[in-house]
Amino acid sequence: MKNNILILGSSGFIGKNLSDYLSINNHVIDHNSKICNLFNVNDIKRYSLQFTNKLSLVICSSITRSNINNFDSMKKNVKMIKNLINSF
């Protein structure tokens, strides 16, 4: 039986390559920000309803830092992870 793996950030370089590799022996569900907004808890909850079986979560999504405000970028990434944790 294949494992179900949800990859958040599958359109980026790391997520895309990881998805391609893991798809060989697993059922991979690719996710990008057009599918579900990780800043919106209700959006995450609606999105998560489709997953009824055991699921592994791989997080490759991030807000990339800018030279102007690295701390703000870090706070946005932490907020996305908190929203995920609070939604599942």
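So, disulfides: the count here comes to 0, taking a disulfide as a pair of cysteine sulfur atoms within 2.5 Å. As a quick reminder, a disulfide is a covalent bond between the sulfur atoms of two cysteines. Take C36: the closest cysteine sulfur to its own is the one in C60, and at 16 Å that is too far for a bond. Going the other way, the sulfur of C60 has C36 as its closest cysteine partner, again at 16 Å. C36 is buried, with a relative accessible area of 1%, while C60 is partly exposed at 25%. By buried I mean under 20% relative accessible area, by exposed over 50%, and partly exposed is in between, with a 1.4 Å probe and protein chains only.

Before I go on, a word on what we're looking at. This is a predicted model, so local features need pLDDT of at least 70 and side-chain atom pairs count only at pLDDT 80 or more, whereas totals for chains, interfaces and linings use all residues. Residues are numbered from 1 along each chain as its sequence is written, and side-chain values use heavy atoms, with hydrogens and water left out.

Okay, the overall layout. The protein chain has 3 helices and 3 strands, and from the N terminus on they run β-α-β-α-β-α. Helices (H or I, at least four residues) and strands (E, at least two) are DSSP runs, numbered from the N terminus. Along the principal axes, the C-alpha atoms fill a box of roughly 45 × 30 × 20 Å. Of the 88 residues in the chain, 31% are buried. If you take the contacts with a separation of 6 or more, 51% of them come from residues 24 or more positions apart; a contact here means heavy atoms within 4.5 Å. The accessible surface of the chain comes to about 6300 Å², and 54% of that belongs to carbon and sulfur atoms. Those areas come from the Shrake-Rupley method with a 1.4 Å probe, and for residues only the protein chains shown count as cover.

Now let's look at helix α1, residues 13-22. Which of its residues are buried? They are G15, S19 and L22. Seen down the axis of α1, the buried residues fall within an arc of 75 degrees, so they line one face of the helix. That arc is the one spanned by the directions from the helix axis to the C-beta atoms. And what do the buried residues of α1 pack against? That would be β1 (4-8) and β2 (27-31). Turn the helix around, and the face away from its buried side carries the exposed residues F13, I14 and Y21.

While we're on α1, it also has a salt bridge, so let me do those next. The structure holds 3 salt bridges, and the rule is a side-chain nitrogen of Lys or Arg within 4 Å of a carboxyl oxygen of Asp or Glu. In α1, the side chains of D20 and K16 meet at 3.0 Å, N to O. These two are 4 residues apart in the helix, so about one helical turn separates them. D20 counts as partly exposed at 40% relative accessibility, and K16 counts as partly exposed at 42%.

Moving along to helix α2, residues 41-48, there's a salt bridge between R46 and D43, with the closest N and O atoms 3.6 Å apart. R46 and D43 are 3 residues apart in α2, about one turn of the helix. Here the two partners split: R46 is exposed at 53%, but D43 is buried at 19%.

Then in helix α3 we have K76 and D72, 4 residues apart, about one turn of the helix. Their closest N and O atoms are 3.6 Å apart in the salt bridge. K76 is partly exposed at 35%, and D72 is partly exposed at 26%.

Last stop, the surface. L57, I59, I81 and I85 make a nonpolar patch of about 340 Å². The elements that give two or more residues to this patch are β3 (56-59) and α3 (70-87). For patches, we take residues with over 30% relative accessible area and no salt bridge; like charges are joined within 9 Å, and nonpolar side chains (Val, Leu, Ile, Met, Phe, Trp, Tyr) within 5 Å. One of the patch residues, L57, lies in strand β3, and at 39% relative accessibility L57 counts as partly exposed.
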